[in-house]
Amino acid sequence: MSRRKIAGTIADATLPKTPVEIDGKIYNLCFTLGALSEAETSINAELAREGRDDYVNLLYALPAGNLASTRIIFAAAVRAFHPELTFEQARDLPALEDLYTIAVKVREAWNRARVKDKDEDDANPTEPAAAVA
Amino acid sequence: VSAPTWLDLWAFARVRIGLSKAEFFSLTPRAFFKMHEVWLESQRDTHRMIALLRVDLINHSFYRPTRPLELADLMPAARPGAAGSAPRRRRLTKKFRGEIADRMRQIFGAPATPAGS
C-alpha cells in the first residue's frame with residue numbers, strides 16, 4: 001500500500017495557508033519556524049551589511065515594511081508550499097506593483113502562524129477557497 | 001523574564017518533546033506552543049499520579065497524620081480555584097442570591113413598576 005505524504009503539503013490542516021495571486025498564479029504563504037528562521041537570518045545579514053546595530057526577531061514582530069524586507073519575508077514564507085522555488089527565485093518573484101498586496105498578505109500569514117493571544121480561540125485556521133489552487 | 005530565543009525553543013523541542021530538527025522547523029509557532037501546552041498538561045497528569053500515590057502512602061502509614069492529607073496538600077495546583085483547575089462551587093446563600101439579582105438588574109435594568117402603584 002502506498003503511503004500518502006500529508007505533512008508539509010497543501011493538505012496539511014495544521015499549516016495555515018494565505019493565498020496571494022502573482023501574475024495570475026496563486027501562491028500560498030505559510031510561516032513555519034523554518035521560514036521565519038530563514039527570513040530572520042537574511043534580514044539580519046542585510047542589516048549587518050548596512051552597518052546597522054538593530055536586528056529583527058520574527059517570532060515576536062514583523063519589521064517595518066520596506067521593499068527589501070517584504071521581498072525576503074515573502075520568499076521565506078512562499079517556500080513552505082512551493083519548495084520548487086529557490087530563495088533567490090522567490091525573492092525576485094513579486095513585481096513592484098504587487099508589493100503592497102504582498103505586504104498585506106505577509107502580515108495576514110504571520111498573524112495566522114504566531115502564538116495566539118489568551119483571548120483568541122483555538123478554531124481551525126480559515127481556509128479561503130483559493131488556497132487549494 | 002526574557003523572551004525565549006531560537007536556541008531555547010529548539011532545545012526544548014529536541015529534549016523535552018523529542019522532535020527532530022526537521023519536524024521542529026516545519027511547525028508554525030502556534031503549533032509549537034500548542035505542543036508546549038499539551039506537554040505541560042501531561043507533566044501535570046504525571047505529577048498528580050505521583051502525588052496521589054504519596055497521599056495514599058502517608059495516610060495509611062503507621063505514623064499517619066491526625067488530619068488525613070489531601071491531594072492539594074502535596075500538589076497546590078490541584079486545589080479548587082487554583083490556576084488550571086475547575087472553579088470552586090459557591091453555596092447559594094441569601095447574600096449570593098442578592099448579588100446575582102443585583103447583577104441581573106445591572107444587565108437588564110430594573111423591572112418596570114405598574115402605573116399607579
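Me: How many residues does each chain bring to the contact between chain B and chain A?
Reply: Contact here means heavy atoms within 4.5 Å, and on that basis chain B contributes 14 residues and chain A contributes 21 residues. This is a predicted model, in which local features need pLDDT of at least 70 and side-chain atom pairs count only at pLDDT 80 or more, while totals for chains, interfaces and linings use all residues. Residues are numbered from 1 along each chain as its sequence is written, chains are lettered from A in the order in which they are written, and side-chain values use heavy atoms, with hydrogens and water left out.

Me: What area is buried between chain B and chain A?
Reply: The size of an interface is often given as the accessible area lost when the parts come together. Here that buried area (the loss with a 1.4 Å probe, summed over both parts) is about 1,500 Å², with 64% given by carbon and sulfur atoms. W6(B), P29(B) and R30(B) supply 48% of what chain B buries against chain A, more than any other three residues.

Me: How many salt bridges does the rule find across the interface of chain B and chain A?
Reply: A salt bridge requires a side-chain nitrogen of Lys or Arg within 4 Å of a carboxyl oxygen of Asp or Glu, and the rule finds 0 across this interface.

Me: Which helices of chain B each supply at least two residues to the side that touches chain A?
Reply: Helices are DSSP runs (H or I, at least four residues) numbered from the N terminus, and those in question are α1 (6-17), α2 (21-25) and α3 (29-59) of chain B. Of the elements on that side, α3(B) gives the most, with 5 residues.

Terms used:
Buried area = accessible area lost by both parts, 1.4 Å probe.
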